[in-house]
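Welcome, and please open your viewer with the chain loaded. We will go from stop to stop, selecting a few residues each time.

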Amino acid sequence: MTLSLDHPIGERFFGLRLDTLIRLRWLAISGQTLAIVVVQWLLGFTLPLGACLAVVALSAWLNLALRLRNPGARRLSDVEAAWLLAYDILQLAALLFLTGGLANPFALLFLAPVLISATALSPRTTILLGILAAICAALVGLWQMPLPWATDGTPMAPVLPPLYLAAIWLALAIAIGFIGVHAWRVAEETRELSEALAATELVLAREQHISALDGLAAAAAHELGTPLATITVVAKELARAVPADSPLADDIRLLREQSERCRTILRRLTSLEAGDAPFDRMPLSHILEDVVAPHRNFGIAITIAVPAPAGDEPVIARNPGLLYGLGNIVENAVDFAESAVNVVATWSETEVAVTFTDDGPGFPPELIDSIGAPYVTSRGRNRWRRDAPEAEEETRQGLGLGVFIAKTLLERSGAELSFVNRAAPAHGASVTVRWPRAKIDISEEGDDPALDEDVVEDPVPRTGL
């Protein structure tokens, strides 16, 4: 029950929407214009007003051009988004050059484009934008026009010592690196969780399709039973009415044989003898056998143990999420076991528990606290070539989604999972799945009479022809 995808769930980085960058730039343009107006006219400081407004107007013109030439819903490639964010860094550097360089408090805005890149673009793009921001900050720290200040008899503009300006640049560079890495890590975890949940939905949808086919088979068996019984009755009456030496006798006999064959197939579809019959509910021991059966042919002995007095055995709904979750745990145990896997079921009036143990190496100590999180994985053994020499044995590297999906699906059913290593002198891993009995046991809900209908009754009375 491994997750196999012919194509990745999606691109690792989905890129930015053009509309998002346009809106953010309009916000920056508004803030820059407001700052220029306040400093020039309200505070009375002297600015190179024409040059500052020209730089802001260039951003406004770029925004209008982008809006007219491209639909807002378009997603930018990594390179396209990088160029637009690089322009924002250069535009901010130009404004800071005109207004005091690193002495300008707005120099902190160098962080904004890097932060945006860290949340949506690739690490390589974020690193390049961080380097560009650091270089621009260094340049405006070395060369800049004087800091705007009042000229109506008030003290002259403060002159910051070079050491202080260097400290500001260092603080900016560290902030760019730290905030960029932190934002990328948080966004990466969100992307991993989103992809893992998408994989979970794909697996669940596949299992639901399989269950739907089972239900369709059961419905077809039920619906076809009545007309097939009618055909059988008519064939019997024809056999009685037609002489044995009639040319039609062989055809009638063939019709009766084929109708009986169809009835046998329908009975198998609605009985346990079919092996994969579409039952909605099964005792816990049958559920476990159903889960374990696909993994018995890989050279590992699998045993199932249930309490001896099984009179109050819980009956469980047979749903795709439960089957996949338990099956994935069994598969992992078989992958890492040396010779045996044990499945032990216990229950009481308040709780139902199933414990899976193997005699393999156990969980890696460095991963045991993270088991169940997406993309937590270790290299497994090759289940298909257990007899191959060690030098030739091929190992397979998973995405680490299997246990996450299993844990998610089982927790949806109300289960709690625990992952531990077996206590010495034994070795191997132990996984316990535990449910409150009230959430998993449906034996008190009554039996479905449709499940007991394994004989199709004749719908019409016998009459002579």
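A residue is called buried under 20% relative accessible area, exposed over 50%, and partly exposed in between, using a 1.4 Å probe and protein chains only. This is a predicted model, in which local features need pLDDT of at least 70 and side-chain atom pairs count only at pLDDT 80 or more, while totals for chains, interfaces and linings use all residues. Residues are numbered from 1 along each chain as its sequence is written, and side-chain values use heavy atoms, with hydrogens and water left out.

**The whole chain**

Start with a cartoon view. The protein chain has 11 helices and seven strands; helices (H or I, at least four residues) and strands (E, at least two) are DSSP runs, numbered from the N terminus. Of its 465 residues, 38% are buried. Now switch on the surface: about 26100 Å² is exposed, with carbon and sulfur atoms supplying 63% of it. Accessible areas here come from the Shrake-Rupley method with a 1.4 Å probe, and for residues only the protein chains shown count as cover. A contact means heavy atoms within 4.5 Å. Among contacts between residues at least 6 apart in sequence, 76% join residues at least 24 apart.

**Two helices side by side**

Select residues 18-42 (helix H1) and 78-98 (helix H3): their axes come within 11 Å and cross at roughly 5°. That makes H1 roughly parallel to H3, a label given to angles under 35 degrees. The axes are lines fitted to C-alpha atoms, for helices over the stretch in contact, and angles run from 0 to 180 degrees between N-to-C directions. Show side chains next: Leu18, Leu21, Arg25 and Gln32 of H1 meet H3 residues including Leu84, Tyr87, Asp88 and Leu95.

**A nonpolar patch**

Which helix gives the most to the nonpolar patch? Select helix H5, residues 123-142, which gives six residues. The full patch is Phe97, Ile127, Leu128, Ile131, Ile135, Leu139, Leu142, Trp143 and Met145, with about 880 Å² of accessible area together on the surface. Patches are made of residues with over 30% relative accessible area and no salt bridge, with like charges joined within 9 Å and nonpolar side chains (Val, Leu, Ile, Met, Phe, Trp, Tyr) within 5 Å. Zoom in on Leu142 of H5, which counts as exposed at 59% relative accessibility.

**Salt bridges**

The structure holds nine salt bridges, each being a side-chain nitrogen of Lys or Arg within 4 Å of a carboxyl oxygen of Asp or Glu. Begin with Glu237 and Arg240, whose closest N and O atoms are 3.2 Å apart. They sit three residues apart in helix H6 (residues 162-241), about one helical turn. Glu237 is buried at 10%, whereas Arg240 is exposed at 51%.

In helix H7 (residues 249-269), Arg253 and Asp250 are also three residues apart, with closest N and O atoms 2.4 Å apart.

For a bridge between strands, pick Glu351 and Arg434 (3.3 Å, N to O). This pair links distant parts of the chain, from strand S5 (residues 351-358) to strand S7 (residues 429-436), 83 residues apart. Glu351 is partly exposed at 33%, and Arg434 is partly exposed at 32%. Then select Asp19, Arg23 and Arg67, which are linked in a network of salt bridges.

**Last stop**

Finish at helix H10, residues 402-412, where Phe404, Ile405, Ala406, Thr408, Leu409 and Leu410 are buried. Following H10 is Gly414, with a positive phi near 95°.

Key
Parallel < 35°, antiparallel > 145°, perpendicular 65-115°, else oblique.
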